[in-house]
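User: Could you take a close look at the cavity in this model for me? I would like to know what lines it, and how the bonded side-chain pairs are placed in the chain.

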Amino acid sequence: MGVALVAIAVLAGSGEAVAAPGTGSDSGSAGSSVLGSSDTGSAGGSSDSGSVTSGSTMPEWGRDDPGPIPPLRDDIVTPAIVSEKFTSEKVARFLIASPALRREVGVDVLLPADGSVPRPTLYMLEGVDAGESQSGWMFMADAPGFFADKNTNVVLTNGGVASLYTDWDKRDPKIGLHKWETFITKELPPLINARLKTNGVNAIAGNSMGAQGAMMLAHRHPDLYRGIAVFSGCYSTTDDVGRLSTQVTVSSRGGDPANLWGVPGGPEWAAHDTVRHAEALRGKPIYMSVATGIAGRYEGPGTDAERIVVGGAIEASANQCTKRLDRKLRELGIPATVDYEPTGVHAWAYWKDQLPKAWPTLRQALGL
């Protein structure tokens, strides 16, 4: 239960409530994220210059090990697919040489059921503990099985622990070099389009930290993505809750938020705030889902208490974050499909259930 106590310790001085990272997944902490739960103000949080400062980070004793930092290379100057490994006719893993990330990055690739004509591409992101060897969507949510009869390419990124899938100002000594926005939006799509039979239509989806990342990339690159599906995320960065959520997410794996976007609340923080930039989502099919944090159908008498307590708190916080963006979209008259589940914690089992529910929105965005 020590992880749950981190939330109290971190926020004792700020007056805000936020969930701590921990067992937001079906096994261990994979896919978990840190999310704010306050729901004040018309667009979220209490202010843009409130009590949250660069010191509002996860205490060292409450941090999880991010794993080894991938070694960097100075000889990668051109993006390229350097290897392909097919495990079946429709499932592969590519290694991408990335000048932005200065290393080779894995992506899982699912091919369309019918590849006889050019098909659209769905990009998928995941949570704070994103693994280097395979996307959690592959083994925790059976993405290969779900997409087997779908006529879309699916590209699932590997790696990016605590990165928010954004470009950081500085290399971090604990969690490494993060230039994920450049990789995902500039380096990767041309390679995928050149290698696969694509038609130039893209959508993006993500869970937990990947939900925030997907929304940020969508509002910052509106011409690249036709639609978005997100599950259990937080979508602000400049109000007190969003800023604190972002800082604790980064620091929960040992990262220093000072290396992210400069001074918290500054121009780059505002530039990554989807609630502030919701107008950029106009015209795109949008799907959002979240539960309440109340133990649901996948929690029973034998369930680990930390999953229920911490995973429940994280999901309850995501619920309030989702309501914040939902409210902003409604104020702007931007339609979105939002599924508020009555029970459920922050766990892969629920995100797996959300894929079929999100598919009609994604299918529309992909033009299928």
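Analyst: Happy to help; here is the cavity, followed by the paired side chains.

A word on the ground rules before the details. This is a predicted model, so local features need pLDDT (the predictor's confidence in each residue, from 0 to 100) of at least 70 and side-chain atom pairs count only at pLDDT 80 or more, while totals for chains, interfaces and linings use all residues. Residues are numbered from 1 along each chain as its sequence is written, and side-chain values use heavy atoms, with hydrogens and water left out.

The chain has an average pLDDT of 86, and 84% of the residues reach at least 70. Residues 1-55 stay under 50, although the model gives them 177 contacts (heavy atoms within 4.5 Å) beyond four places in sequence. Where pLDDT is low, the predicted coordinates should not be read in detail.

Now to your cavity. On a 1 Å grid over the protein atoms alone, a cavity is a set of points where a 1.4 Å probe fits but cannot get out, and its lining residues have an atom within 4 Å of a point. Grid points are joined across faces, edges and corners, and a volume is the space filled by probe spheres set on the points. There is 1 cavity of 30 Å³ or more, and the largest cavity holds about 100 Å³ of space. Its lining is made of S232, S289, V290, A291, R297, E315, E341, T343, Y350, W351, Q354 and K357. Helices (H or I, at least four residues) and strands (E, at least two) are DSSP runs, numbered from the N terminus. Both β8 (286-290) and α9 supply at least two lining residues each, and α9 gives the most, with 4 residues.

One lining residue, K357, also takes part in a salt bridge (a side-chain nitrogen of Lys or Arg within 4 Å of a carboxyl oxygen of Asp or Glu). Its partner is D339, at 3.7 Å from N to O. D339 lies in strand β9 (residues 337-340) and K357 in helix α9 (residues 348-366), so the pair ties together parts that are 18 residues apart in sequence. D339 is buried (under 20% relative accessible area; exposed is over 50%, partly exposed in between, with a 1.4 Å probe and protein chains only) at 16%, whereas K357 is partly exposed at 40%.

The count of salt bridges comes to 17. Among them, R220 and E181 meet at 2.9 Å, N to O. R220 belongs to helix α5 (residues 209-220) and E181 to helix α4 (residues 180-195), so this pair connects parts 39 residues apart in sequence. E181 is buried at 7%, while R220 is partly exposed at 29%. Another pair is R102 with D74, at 2.6 Å from N to O. Salt bridges also link D64, D129 and R253 in a network.

Finally, the model has 1 disulfide (a pair of cysteine sulfur atoms within 2.5 Å) by this rule. C234 and C321 form it, with 2.2 Å from S to S. This disulfide links distant parts of the chain, 87 residues apart: C234 sits in the loop between β7 (228-231) and α6 (240-251), and C321 in helix α8 (residues 305-332). The torsion about the S-S bond is about -60 degrees, so the disulfide is left-handed. Both C234 and C321 are buried.

Technical notes:
1 Å grid on protein atoms, 1.4 Å probe; cavity = no way out; pocket = protein on both sides within 12 Å on 5 of 7 lines; lining within 4 Å.
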